Amino acid sequence: MTALTVTDLTVLRGECPVVDQVSLSLQAGEITGLIGPNGAGKTTLLRAILGLQPHSGTSSLASLPARQRARTAAWMPQTREIAWPVAVETLVMLGRVPHLAGGAKPSAEDRAATARALADMALNGFETRAATDLSGGEQARVLIARVLAQETPIILADEPIAGLDPAFQIATMQIFRRLADQGKTILAALHDLGLAARHCTRLLLLDKGRLVADGPPRDVLTPENLHRVFGIAAHVMETEHGLIFQPLEITR
Ligand SMILES: Nc1ncnc2c1ncn2[C@@H]1O[C@H](COP(=O)(O)OP(=O)(O)OP(=O)(O)O)[C@@H](O)[C@H]1O
């Protein structure tokens with residue numbers, strides 16, 4: 001089942017397209033990594049897909065009314081600023097806002113979804129702590145928990161594992177995988193090509209705003225693409241643990 005359709009999406013900064021006629025569709029059950037070098041347009045593309053960025057072309061998500069969009073897609077931005085010393089549980093509960101009728105108090109289901117999300121990110125015991133007092137990685141886990149609590153069919157995340165230690169990076173990718181196996185659709189911008197290779201079912205490779213490759217990780221992480229787009233060579237190997245990717249050297 002198609003969960004998201006994007007057609008000819010273009011974002012201009014001045015005269016210059018930073019997202020250039022991107023078309024794609026994502027299916028339910030896919031965990032897709034959006035990869036590309038710094039400045040390739042990953043954040044801009046995700047924001048345009050969500051309707052947060054002026055664009056031409058169409059995104060099936062951007063065209064939804066705001067409340068329906070918030071019930072359809074959860075968004076984890078790259079900037080992780082938590083402005084207020086709000087309790088962790090309260091912050092995660094904010095993910096339930098799209099599900100509440102105006103002015104309504106959280107229901108038992110809202111509390112259960114919040115508890116599940118806190119447990120998924122190993123935040124039991126953190127509930128009453130001020131989110132601003134946590135470490136950077138702990139704050140990232142709180143913000144992922146808020147996304148999980150939203151329980152939307154689609155999750156868009158910009159560098160969700162940046163700043164997490166290796167165990168939480170793997171745990172987060174495994175949670176995304178579990179959600180995809182339940183029929184949800186995950187699109188995450190990722191710089192760690194090793195985790196992208198191992199955990200994503202599909203990779204979208206963006207270069208200078210253009211989608212230059214789209215397919216299973218082994219078909220996208222080719223020596224040609226790695227040299228042309230990232231300027232690196234890497235060791236890519238099928239193993240019993242899945243595809244292993246190790247960057248080796250700069251090629252230009
Ligand atoms: N507010 C802005 N004004 C002008 N140009 C911008 C603005 N935000 C981003 N850009 C430019 O748009 C291009 C794409 O930026 P974007 O943040 O989407 O890239 P990215 O692939 O997410 O990069 P990174 O991996 O470094 O996070 C870059 O050249 C960037 O300099």
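Which helix gives the most to the shell around the ligand? Helix α1, residues 42-50, does, with 3 residues. This is a predicted model, and the ligand is a good place to enter it.

The residues around the ligand are easy to list. Two of them are R13 and V18. The others are G36, N38, G39, A40, G41, K42, T43 and T44. Sorted by class, the shell holds 6 polar residues, 2 charged ones and 2 nonpolar ones.

Now step back to the chain. The UniProt record, an unreviewed entry, places the feature "domain: ABC transporter" at residues 4-233. Over residues 4-233, helix makes up 37% of the chain and strand 26%. The end C-alpha atoms of that stretch are 33 Å apart.

Start with the sheet that holds β1. It is an open sheet of 3 strands, in the order β2-β1-β4, and the pairing is antiparallel. The edges belong to β2 (16-27) and β4 (56-59). Each has a single partner strand, so one side of each is left without a neighbour in the sheet. Neighbouring strands here are turned by 10° against each other on average, direction ignored. Look at one pairing in detail. Strand β1 covers residues 2-13 and pairs with β2 over 8 bridges, in the antiparallel sense. Within this pair, L12 stands opposite P17 in β2. The ligand can serve as a landmark here: R13 is among the residues around the ligand, and R13 also ends strand β1, which spans residues 2-13. V18 is another residue of the ligand shell, and V18 falls within β2, residues 16-27.

Next comes an open sheet of 6 strands. The order is β5-β6-β7-β3-β8-β9, and the pairing is mixed. At the edges stand β5 (73-76) and β9. Each of these has a single partner strand, so one side of each lacks a neighbour in the sheet. From one strand to the next, the twist averages 15°.

Two pairings show what mixed means in this sheet. Strand β3 (residues 31-35) and strand β7 (residues 185-189) run in the parallel sense, paired over 4 bridges. Here G33 stands opposite A188 in β7. Strand β8 (residues 202-207) and strand β9 (residues 210-215) run antiparallel instead, joined by 5 bridges. L203 stands opposite G215 in β9. A hairpin is formed by β8 and β9, with 2 residues between the strands. One residue to find there is K208, which takes a positive phi near 50°.

Turn to a pair of helices. Two packed helices are described by the angle between their axes and the distance between the axes. Helix α4 spans residues 108-120, and helix α5 spans residues 136-149. They pack at an angle of about 140°, and their axes are 8 Å apart. The two helices are therefore oblique to each other. In passing α5, α4 makes a right-handed crossing.

One more strand pair remains. Strand β10 covers residues 232-239, and strand β11 covers residues 242-250. The two run antiparallel, joined by 8 bridges. A hairpin of 2 residues links β10 to β11. To see the register, find H235, which stands opposite Q246 in β11.

Technical notes. Residues numbered from 1 in each chain as written. Predicted model: local features only at pLDDT ≥ 70, side-chain atom pairs only at ≥ 80, totals over all residues. Near = placed C-beta within 6 Å. Nonpolar A, V, L, I, M, F, W, Y, C, P; charged D, E, K, R; others polar. UniProt positions renumbered as here; feature names shortened; annotations may be inferred. Pairing = 2+ DSSP bridges. Axes fitted to C-alpha atoms, helices over the stretch in contact; angles between N-to-C directions. Parallel < 35°, antiparallel > 145°, perpendicular 65-115°, else oblique. Left-handed = near helix turned anticlockwise from the far one by under 90°.
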